[in-house]
Number of protein chains: 2
Amino acid sequence: MVAKRAGVSRQTVSNAANAPHLLRPETLQKVLGTIDELGYRPSHAARALRTRSTRVIGCRLLPSNYGGTGGVLDRLLHALCDAARSKGYDVLTFSVGTDDEEIGVFEDLLRRGAVDGFVLTNTHHGDVRPNWLLAEGARFVAFGRPWGRDQAAHSWVDVDGASGTRQAVEHLSALGHARVAYLGLPEGNGVGDDRYRGWHDAMAALGAPTKGLVARAEDGIASGRAMADQLLALPIQPTAFVCQSDTMALGAIRAIEDRGLRPGEDISVVGFDDSPVASLWRPRLSSVRQPIEAVAQKLVEVLLAELSGLQRKPSRDLLEPWLVARESSRRAPGRADRVSIPDVPVRVATAKTRFSN
Amino acid sequence: MVAKRAGVSRQTVSNAANAPHLLRPETLQKVLGTIDELGYRPSHAARALRTRSTRVIGCRLLPSNYGGTGGVLDRLLHALCDAARSKGYDVLTFSVGTDDEEIGVFEDLLRRGAVDGFVLTNTHHGDVRPNWLLAEGARFVAFGRPWGRDQAAHSWVDVDGASGTRQAVEHLSALGHARVAYLGLPEGNGVGDDRYRGWHDAMAALGAPTKGLVARAEDGIASGRAMADQLLALPIQPTAFVCQSDTMALGAIRAIEDRGLRPGEDISVVGFDDSPVASLWRPRLSSVRQPIEAVAQKLVEVLLAELSGLQRKPSRDLLEPWLVARESSRRAPGRADRVSIPDVPVRVATAKTRFSN
């Protein structure tokens, strides 16, 4: 139908979807214009044209047992299924222990023709999976930047963690806090370093001290408690903590209570990821929330563009998180009357796309 | 290879896997014996023989937003992926809003040959999905009993909720509690009625009163708080609460605190599902834990038996949950010295299978 209307061969229509580089630009435009005219969306038309389309997206299911405060990747899976199904796709999930095992599953699924492409999660330094997929010619998009790699090698979608911790510092600064400490992961973790950088640069921009206000350890309530306790033992205590995770933040709240101080009232705490426990805790925990639904929609959109063959250059999308301020972050003591903070976003994410091609 | 060794036709081997009722018992035994002899597991052999096997199991992804304390179905998905992959299968997940939409997805996936079978979750009264699947000849197993239906119509795996609440009552009774109240869902919900029954029957068996000790409302912290508050206003207060969910239990804890009483010390509380928040809360929440990993393994085992065609009768497996006792359930006041309860299972589930065929 498209071929007839556009006055081209079926092969040309097929090429428009699967190998657009084989067509002259004006022919490609004609075919796409006709597809548009007929009311098909390009991705649907391309899908119908692909002979071996499974309409299935493969995605590893990561354990979400970060001390019970995790859940971002479970949220992502739900959002990914929603976003995929709205485009007529489903998600095939698999559980593996290591990246090597994941590559084994990729190989198996590709050999069996069980999926059209993949969503890669948990990208990290020295990640061997992207190059393996690129070498195989597999279609994929990553949730997470190619830390330390050529940014242009493949499409990715990520959340701007530095912006999240910067928003936390600015929020605390507006509440009168000057000594804002940071609890984070040991150096070398891409996500961790990004969040640390946001705190550091925001503090520097405010002319606030950063020296001696950082503690680093693996994630966990116990480690958050120990790190916060160490900083609270300083001659001049921090008045607030920005934390890499909600788990660390809950540990910081305990350390504050251990010293007979009131979290939120005496010392403020901001977590990261707005896990389900954040709004249940007492005091209710202020936390940076990732725009997971927008991430999932963008991942599906980019992967479908990759599958359609219409995506010529890898795309890069960095989405903005936002701070949800609750009772655990309040006006610094001695600065002014305490105010009650409603449970609303301080800044509503607009799912701003910064570097999209 | 199997056909040659067993001295039968390929069609006979195929029938052994796909239509065993067509074969004489001794022929079937011979083929299965040969498969065994060659070191294949029956399910693998059957799989290899099935011409249209996808090695994919379809499963709806249910939202897990029960006030932040849910997560049982997310746990199930992780466990299901693990169990499936250990058998060479993967799980295709899809997100839909209603049972009718789910049937639409079943239809789509079956037409496309995208899955071999389904795991059905969240079975309920008046559920139209099992009959639809049976009518289509689709292979499936349900997580959840066919509430109010012919128990023999299809295979299912479930957790014995009544046993869970009975264990909670027995635990509290052993701690000296006689007035143990129940907070649950409105009547008519299969899971809810089952958990209520466990509490009721255990109380009756102990000769303890049940009258005026029940409150019912939809799930939620606010409703748990309101229900508990109502029962705490009685002339003779309950000394403990057994709750349908951890969410209701957290509400009960707040209601106890609202009255200046100490949860765990003055009034005990036991939740259900051992959600991630249970061990993080203060006091740490005693809760009934479902054997989700065993459920997932059983679901995959039963579904593969269904797929192999070797399963002649629907199977029924009811697994035991167990109580994890923590700080929120302690010796009744005035009974004896308070004891500290370690964070260990009171009774370790043996994944006991009661009604398996």
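This is a conversation about how to read contacts, burial and backbone features in a predicted two-chain model.

Colleague: Before we start, what should I know about the numbering and the values?

Modeller: Residues are numbered from 1 along each chain as its sequence is written, and chains are lettered from A and ligands numbered from 1 in the order in which they are written. The model is predicted, with local features needing pLDDT of at least 70, side-chain atom pairs counting only at pLDDT 80 or more, and totals for chains, interfaces and linings using all residues, while side-chain values use heavy atoms and leave out hydrogens and water.

Colleague: Thanks! Let's begin with the chains: how many residues of chain A are in contact with chain B?

Modeller: Contact means heavy atoms within 4.5 Å. By that rule, 37 residues of chain A touch 37 residues of chain B.

Colleague: And how much area do chain A and chain B bury between them?

Modeller: Buried area is the accessible area (1.4 Å probe) that two parts lose on being put together, summed over both. Here the figure is about 2,900 Å², with 51% of it on carbon and sulfur atoms. On the chain A side, His78(A), Leu280(A) and Arg282(A) lose the most area to chain B, together 22% of what that side buries.

Colleague: How many salt bridges are there between chain A and chain B?

Modeller: For a salt bridge, look for a side-chain nitrogen of Lys or Arg within 4 Å of a carboxyl oxygen of Asp or Glu. Between chain A and chain B the count is eight. One of the salt bridges joins Glu257(A) to Arg282(B), with the closest N and O atoms 2.6 Å apart.

Colleague: Which elements of chain A supply at least two residues each to the side that touches chain B?

Modeller: Helices (H or I, at least four residues) and strands (E, at least two) are DSSP runs, numbered from the N terminus. In chain A, the suppliers are helix H5 (72–85), strand E2 (90–94), helix H6 (99–111) and helix H11 (246–258). H5(A) gives the most, with six residues.

Colleague: Now for the rings. How many aromatic pairs are found over all chains?

Modeller: Rings of Phe, Tyr and Trp (its six-membered ring) pair if their centres lie within 6.5 Å; planes under 30 degrees apart count as stacked, over 60 as edge-to-face and the rest as tilted. The whole structure has 13 aromatic pairs over all chains. Among them is the tilted pair of Tyr196(B) and Trp199(B), at 5.8 Å centre to centre and 40° between the planes. Both residues lie in helix H9 (residues 190–205) of chain B, three residues apart, about one turn of the helix. In chain A, ring pairs link Phe94(A), Phe106(A), Phe118(A) and Trp132(A) into a cluster.

Colleague: Is Trp199(B) buried or exposed?

Modeller: Buried means under 20% relative accessible area, exposed over 50%, partly exposed in between (1.4 Å probe, protein chains only). Trp199(B) has 0%, so it is buried. Tyr196(B) has 23%, so this residue counts as partly exposed.

Colleague: What sits over the ring of Tyr196(B)?

Modeller: A charge sits over a ring if NZ of Lys or CZ of Arg is within 6 Å of the ring centre and within 35 degrees of the ring normal. The charged end of Arg216(B) is placed over the Tyr196(B) ring, 4.5 Å from its centre. In chain A, Arg216(A) lies over the face of Tyr196(A), 4.5 Å from the ring centre.

Colleague: I'd like to look at a serine too. Where is Ser245(B) found?

Modeller: Ser245(B) is in the loop between strand E8 (240–243) and helix H11 (246–258) of chain B, and with a relative accessible area of 7% it is buried.

Colleague: Which residue has a side chain in polar contact with that of Ser245(B)?

Modeller: A polar contact is a pair of N or O atoms within 3.5 Å; within protein, one must be able to donate a hydrogen and the other to accept it, and residues adjacent in sequence count only if both atoms are side-chain atoms. The side chain of Ser245(B) meets that of Asp219(B) at 2.7 Å. A polar atom of the Ser245(B) side chain also lies 3.4 Å from the backbone nitrogen of Thr247(B).

Colleague: Last topic, the backbone. Which peptide bond of chain A is described as cis?

Modeller: Most residues other than glycine have a negative phi, and most peptide bonds are trans. The bond from Arg282(A) to Pro283(A) is cis, with omega near -5°. Pro283(A) lies in the loop between strand E9 (268–272) and strand E10 (286–289) of chain A. In chain B, the bond from Arg282(B) to Pro283(B) is cis, with omega near -5°. As for phi, Asn122(A) has a positive value near 60°, and Arg55(B) has a positive value near 55°.
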